[in-house]
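Visitor: Please take me through one part of this model closely. I would like to look at the place where two of the chains meet.

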Amino acid sequence: MQDYSFDKTHIIDIPIEKAMTTENLQVFYGDNHAMHDASLQFSRYRITALIGASGSGKSTYLRCLNRMNDRIATVKGKIMYRDMDINSPKINVYEVRKHISMVFQRPNPFAKSIRENITFALKRNGIKDKTELEERVESSLKAAALWDEVKDELDKSALALSGGQAQRLCIARCVAMKPDILLLDEPASALDPISTAKIEETLQQLRKNYSIIIVTHNMQQASRIADYTAFFHMGHVLEYDRTEKIFTNPQIKATEDYISGNFG
Amino acid sequence: MDEIKQELQSSSRATHQDYFGKALSYLCITFVGLLVLSILYFITTRGLATFTENHVSLWKFLIEKNWNPGVLDSHGQPQIGALPMIVTSFSVTVLSALVATPFALGVALFMTEIAPKRGTKVLQPVIELLVGIPSVVYGFIGLSVIVPLIRHTFGGTGFGILAGVVVLFVMVLPTITSLSIDSIKAVPMYYRSASLALGATRWQTIYKVVLRAATPGIMTAIIFGMARAFGEALAVQMVIGNAVLMPHGLLTPSSTLTSQLTTGIGNTTMGTLPNNALWSLALILLLMSLVFNILVRFIGKRGSLKK
Amino acid sequence: MNSKTTNNIATGIIYVLVAAVVGILIFLLGYILITGLPHVSWHFLTSAAQSFRAGGGIRDQLFNSLYLLVLTLIISFPIALGSGIYLSEYAPNNWLTGLIRTAIEVLSSLPSVVIGLFGYLLFVIQFRMGFSILAGAIALTFFNLPLLTRSVEESLEDVSDLQREAGLSLGLSHWKTITGIVLPAAVPGILTGIILSAGRVFGEAAALIYTAGQSAPIVNYSNWNPMSTTSFLNPMRPAETLAVHIWKVNTEGVTPDALSISSGTSAVLIIVILLFNLSARLLGNWMYKKMTATK
Ligand SMILES: Nc1ncnc2c1ncn2[C@@H]1O[C@H](COP(=O)(O)OP(=O)(O)OP(=O)(O)O)[C@@H](O)[C@H]1O
Ligand SMILES: [Mg+2]
């Protein structure tokens, strides 16, 4: 693989309201320094895409944002959310995850009914009112564009859903918690084109009320849905800008090569 | 806004749940740990009393042939030579493992190399059923079928090491078989294809490649089988004859450590020498069980180094 | 002799060995059922045992076995569950965990007679419980814990990490994720483990002869007060089980029809254990289907 310089980077500041930012975020898996000084700002009610080759550290970075790396890796640096550094040990991670929720690459519905998949965490968080729960089930499934397909079989096991449906259920499950920020790690990579299109449609809908950060391998997908795009390379963020800019006029050689398919 | 800030910075129900759950599971595992420690401690202290309180020499205990803890010999010493039981225990253990191993390997090879699908379907339940039969039932069948059979064929009482070996052979068979299967299955497929591609017959492949690669695992299986045989009490006790005599062959009644323990504990009073002597037998059982454990570990380490 | 012939001979020997093993099992089951079943009658199952006369039944032994089994499971399951959760969910990867795993392995390989003697020493003698169902249940718990713990641990580990991540990423506590998501998904495996261990406990005798004792006092099956000495539920009374009964009638040699009683009892024992094994299999499959398919 061609050596690209890590010194030359092009990272913009977000002029509008921010959902969260990271400052000099570093991640270590034991001795493996998997993420170097990532400082990014994410804008509110926008979609930000994280792109880069396999192993470049996208998932590693994303998982830091709601502290899912806690038990796996050492994370240094600041993760600012609502003027607080949520990477501090004093922070209650369970509360963090209620505000910053994550959807994973492989659909992971619980081995419960569709309805319970959504209500389980809600009930544990103190929502006991039946009508409120019903309302959340319906609205979140609608938000995830799944309602019409499953409204008559809410008590069916979620494990019987197709991959695309299951992934939308996982999105609905997060949405039902009414978080602030949605993190998605390649949510469509295991799905067929039709399901992928549905998920993209869903994200466009959600964008009105949520700040979304999505990891994707699919360049077209990034250019279709994202407002901002960050390019990761071997544990470094090399470029971060508005999506049109990244795809039409990249400032960094590595980004250009990656986007044009000449990478490596 | 501030409310959320507050929430993020203070502990919540979830945090308390976590403390509670962690405490609960730590408590359980601590209990199990303490249990093992106290078993080791109690059996050891009781087992050592013969030597510390009654001042019997450990050496004599291990090599003398007369077991008569209630009676003093001509030198005024209690007769507690455990050698006959030690010899009998080891004999039945080694012999039953020796007899069982070919059968176990036959079944294991059949289930892995010769007819994996059909073989597993039929033989897996066979193994599970053999494990499931309680040891007293094995003992009972030994007593009502094997002992008379031996008596008619070879004469004598029928009780003895041979009867014990026959019963234990069936009991350790499933143990050795299922662990051997695991270790044979763990031999990578390409070992076999490489050998077969070189023109070796199936048996040559099995013998030269598969069995060789699986040897540490098979040894482990045999040791687990021996551990089971060594510790088995009632089934052996029912067919061995329970005479504390040095075995003169496979057909004379004798006694294993376990059988002497089961017969004796109820007939002696706590704290007396005859009772202490029995606890010393229990201590040997405990130590041997640890030795088997260590052997398994040792073989496991060596086996993984070679690969 | 060429390699082809050797190959055929070796294959032939393997077939013979396999046939022998299958033959042994068929003989064992056939012997027990053919000699035993004729003695199993309603009368046999519902009348008390006799020491010196023929014609005794196994009513009390049957009940004792079941009662001991239930008590044992009640005591051992919570501990095994907690330990299994610790090992699969919390245990850090360090020397202490290694030591604990070794301890559990040691416990599982201890001869059951040693465990029985430990129970005798500590509970029957030291704690003055005497020969009692409770002491027996505790000894059986020790006997049962390592296997049950391992089956809980394995069932939990079989649940994909994706499930844990899903729970955690929704803001659930680690503990709620375990109890609410991972544990329910592991239920089929855990249940199978419990039933299989029940079979083992049901047939165990060596751990019981010096803890639960070898006598079955007459109890009153209409006295439901566990504190009363005559009640069948009284956990402080001695209790001979089916397995111990087989051992005892054969070694004491005072019961005239020891042979038929032992065969009958063996048949009952085997049938119950077969039922346990069968139901473990069926239940596991059924629960698995139920969880993955429509409700
Ligand atoms: N749990 C882990 N333990 C140790 N190292 C890890 C772990 N997860 C990731 N890594 C390492 O961190 C680096 C970045 O991996 P990461 O999964 O973040 O890449 P990615 O950009 O998400 O790749 P992909 O597109 O394949 O998902 C890799 O070198 C990987 O080997
Ligand atoms: Mg990734």
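Guide: Buried area is the accessible area, taken with a 1.4 Å probe, that two parts lose on being put together, summed over both. Keep that in mind for the interface of chain C and chain B. The model is predicted. Chain C and chain B bury about 6,500 Å² between them. Of that area, 81% lies on carbon and sulfur atoms. In residues, 73 from chain C are in contact with 70 from chain B.

Now the polar side of the story. Two salt bridges are counted between chain C and chain B. In a salt bridge, the side chain of Arg281(C) meets that of Glu128(B), at 2.5 Å from N to O. Across the interface, 13 residue pairs are in polar contact, with both residues at pLDDT 80 or more.

Next, the elements on the chain C side. Eight entries each supply at least two residues to the side that touches chain B. Helix H1 (3-36), helix H3 (59-90), helix H4 (95-109) and helix H5 (112-126) of chain C are among them. So are helix H6 (133-158), helix H8 (174-203), helix H9 (242-252) and helix H10 (258-292) of chain C. H1(C) gives the largest share, 20 residues.

Last, the classes of residue. The side of chain C that touches chain B divides into 51 nonpolar, 18 polar and four charged residues.

Definitions and conventions. Residues are numbered from 1 along each chain as its sequence is written. Chains are lettered from A and ligands numbered from 1 in the order in which they are written. Side-chain values use heavy atoms; hydrogens and water are left out. Contact means heavy atoms within 4.5 Å. A salt bridge is a side-chain nitrogen of Lys or Arg within 4 Å of a carboxyl oxygen of Asp or Glu. A polar contact is a pair of N or O atoms within 3.5 Å; within protein, one must be able to donate a hydrogen and the other to accept it, and residues adjacent in sequence count only if both atoms are side-chain atoms. Helices (H or I, at least four residues) and strands (E, at least two) are DSSP runs, numbered from the N terminus. Ala, Val, Leu, Ile, Met, Phe, Trp, Tyr, Cys and Pro count as nonpolar, Asp, Glu, Lys and Arg as charged, and the others, Gly among them, as polar.
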